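Ready for some practice in reading a protein structure? Work through the exercises below with the model in view, and try each task before you look at its solution.

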Amino acid sequence: MHENSPAIQSVVIMGGGAAGWLTAAILASSAAVKARNVKITLIESPDVGILGVGEGTWPTMRDTLRKIGLDEATVIRQCDASFKQGTCFNQWHHTGTDDTYYHPFELPAGMFDTDPMAWWAAHRSNSSFAELFTAHPQLSQAAKAPKQPQTPDYAAVANYGYHLDAHKFANLLKQHCQQYLGVQLISMHVTDIISNESGDIHSLANEAQTVPGDLFVDCSGFSAQLIGQHYQISLQDQASVLPNDSALAIQARYVSNETPIASNTHSTAHANGWLWDIALPHRKGVGCVYSSQYCDEATARATLLDYLERDTTTAPVDEADIRKLSFTPGYRKTPWVKNCIAIGGSAGFLEPLEASALVMIELAASKLAAQLPACRNNLAPLARQYNQSMVAKWQRIVDFLKLHYVLSDRRDSAYWRAVSNTSSASEQLNDWLCLWQHRTPNLHDFCYQDEIFPLASYWFILCGMNFVPQSPGNPDEQAQTWVQKNRQRSRQLLAGLPGNRQLIEHIIKQNNQG
């Protein structure tokens, strides 16, 4: 069967940045690629800069970095990285200083033995769901690190991902790919995409150079030069569901080198969207996300500057340093066409909420590495399988992000009245909300083996936004035991873990001495 089908022996990645270099690293370090001696080439244009604002990762990044052969101390030092243990949401349910809840990276204590959400719904007290069943809120309020100095690389006492400088991260990956993983870099600005008679891409070229390949990965970002411009695969626009399409971003330095480093992304709702606040060791990355349909740039700028002015931990910023970012919320239903696969911004982007951009690059590149086609006859069946899987992931992200909005009681602007309306939510999300009015969510509600957001994530958002089923059922009193165990664990972690800044400075000092 198809013995004469040409083998896939070379992969050409178009575009650098975090998407291109992370994809290159995951492919080049995979056992399948190494065993088949597949050549990985990355084309980076000297004329195109990277977007460089994706500063939040999921805990999956720890395993990815370990697999590609980077040590954690190098990542911390060279990427100006800090530890992220979850997200803190402010004023999403209603306006007011008392409206704060957490979405930790930790699973709730006892979640496989009992139904903690049912117990919370029946026994609600002054404590939040996240505080009763995880140590995260307590660690967050104390700016504690997720591990101790003697904890091995990538191991965790409390689950964590990273906040990092996206430009420095891309540069570290670029250096690592070339020095240790055998990835070839070609610096050229592509002007021509040359196809063969079957419609597959044969090579990328300009007037001076031609780069042929068997498989092409489009990491050209929002310009989507291969998947969008060449193959004319349009975005499935999600603006009617998630209307945010703009952001203003700036970096703000701390007033003191001893300022505690926050262990979450802070997400604060405002009248026309929300603000992100990401703490790195030497600065914060702060941004105002909004919908241009409901808010002009001047109003968003004033919202961002007002937020920074009230932040006593940061020094004044130069308004001229604010960067404007525009995007179309959406994804491509067929990110794999012929011998071209889109990964990163070229495949889709919804909005920065819950930091799904980098994890989708990890997932896409890992899936490609695990299922790298052996020959050209494998392309079409693998493309169908890949596209089905990735579209399901995008749809789940849309539902989970929309959940944050439809649960809100904010009605203080046209924006919130529109975005919280369930009429724009998917049939799946509306079905879930209907069912969950009468019982708590359970594992049977989710049909995919590798759900992008697990059951626990839904519990944290639902409880944080005070969504209470009418009939949570008979709560298992065993949950009370887990609450007690969690309180004991929280006390131990608070006493035994160093501060974020303390651990980061220790790692950098040890790394410099080594």
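**Exercise 1. Find which strand gives the most residues to the lining of the second largest pocket.**

*Solution.* Keep in mind that this is a predicted model.
- Step 1: List the elements that give two or more residues to this lining: helix 7 (136-141), strand 14 (265-270), strand 15 (273-279) and helix 10 (297-309).
- Step 2: Pick the top contributor, which is strand 14, with four residues.
- Step 3: Look towards the centre of the pocket. Of the 30 lining residues, those closest to the centre are Asn90, His266, Thr268, Asp277 and Tyr307.
- Step 4: Add the volume and the character of the lining. The second largest pocket holds about 640 Å³ of space, and its lining is made up of 13 polar, ten nonpolar and seven charged residues.

**Exercise 2. Place strand 14 in its open sheet of seven strands, and say which strands form the edges.**

*Solution.*
- Step 1: Read the strand order, 5-4-14-15-16-13-17, in which the pairing is mixed.
- Step 2: Go to the two ends. Strand 5 (100-104) and strand 17 (323-326) are the edge strands, and each pairs on one side only.
- Step 3: Follow the twist, which averages 20 degrees from one strand to the next.
- Step 4: Turn to strand 14 and strand 4 (residues 86-90), which pair in the parallel sense over four bridges. Here Phe89 has Ser267 in strand 14 as its bridge partner.
- Step 5: Now bring in helix 10, which packs on the sheet and touches strand 13 (246-253), strand 14, strand 15, strand 16 (283-290) and strand 17. The direction of helix 10 makes about 145 degrees with that of strand 16.

**Exercise 3. Explain why one side of strand 7 and of strand 19 is left without a neighbour in the sheet.**

*Solution.*
- Step 1: Write down the order of this open sheet of six strands, 7-2-1-11-20-19, again with mixed pairing.
- Step 2: Strand 7 (184-187) and strand 19 (336-337) stand at the edges with a single partner strand each, so one side of each has no neighbour in the sheet.
- Step 3: Move to strand 11 (residues 215-218) and strand 20 (residues 340-342), which run parallel and are joined by three bridges. Asp218 has Ala342 in strand 20 as its bridge partner.

**Exercise 4. Classify the aromatic pair of Phe400 and Tyr458.**

*Solution.*
- Step 1: The structure holds 28 aromatic pairs, and Phe400 with Tyr458 is one of them.
- Step 2: The centres are 5.0 Å apart, with 65 degrees between the planes.
- Step 3: Planes over 60 degrees apart count as edge-to-face, so this pair is edge-to-face.
- Step 4: Phe400 lies in helix 12 (residues 379-406) and Tyr458 in helix 15 (residues 455-464), so the pair ties together parts 58 residues apart in sequence.

Key. Residues are numbered from 1 along each chain as its sequence is written. This is a predicted model: local features need pLDDT of at least 70, side-chain atom pairs count only at pLDDT 80 or more; totals for chains, interfaces and linings use all residues. Side-chain values use heavy atoms; hydrogens and water are left out. On a 1 Å grid over the protein atoms alone, a cavity is a set of points where a 1.4 Å probe fits but cannot get out, and a pocket is an open set with protein on both sides within 12 Å along at least five of seven lines; lining residues have an atom within 4 Å of a point. Grid points are joined across faces, edges and corners, and a volume is the space filled by probe spheres set on the points. Ala, Val, Leu, Ile, Met, Phe, Trp, Tyr, Cys and Pro count as nonpolar, Asp, Glu, Lys and Arg as charged, and the others, Gly among them, as polar. Two strands pair if DSSP finds at least two bridges between them. Axes are lines fitted to C-alpha atoms, for helices over the stretch in contact, and angles run from 0 to 180 degrees between N-to-C directions. Contact means heavy atoms within 4.5 Å. Rings of Phe, Tyr and Trp (its six-membered ring) pair if their centres lie within 6.5 Å; planes under 30 degrees apart count as stacked, over 60 as edge-to-face and the rest as tilted.
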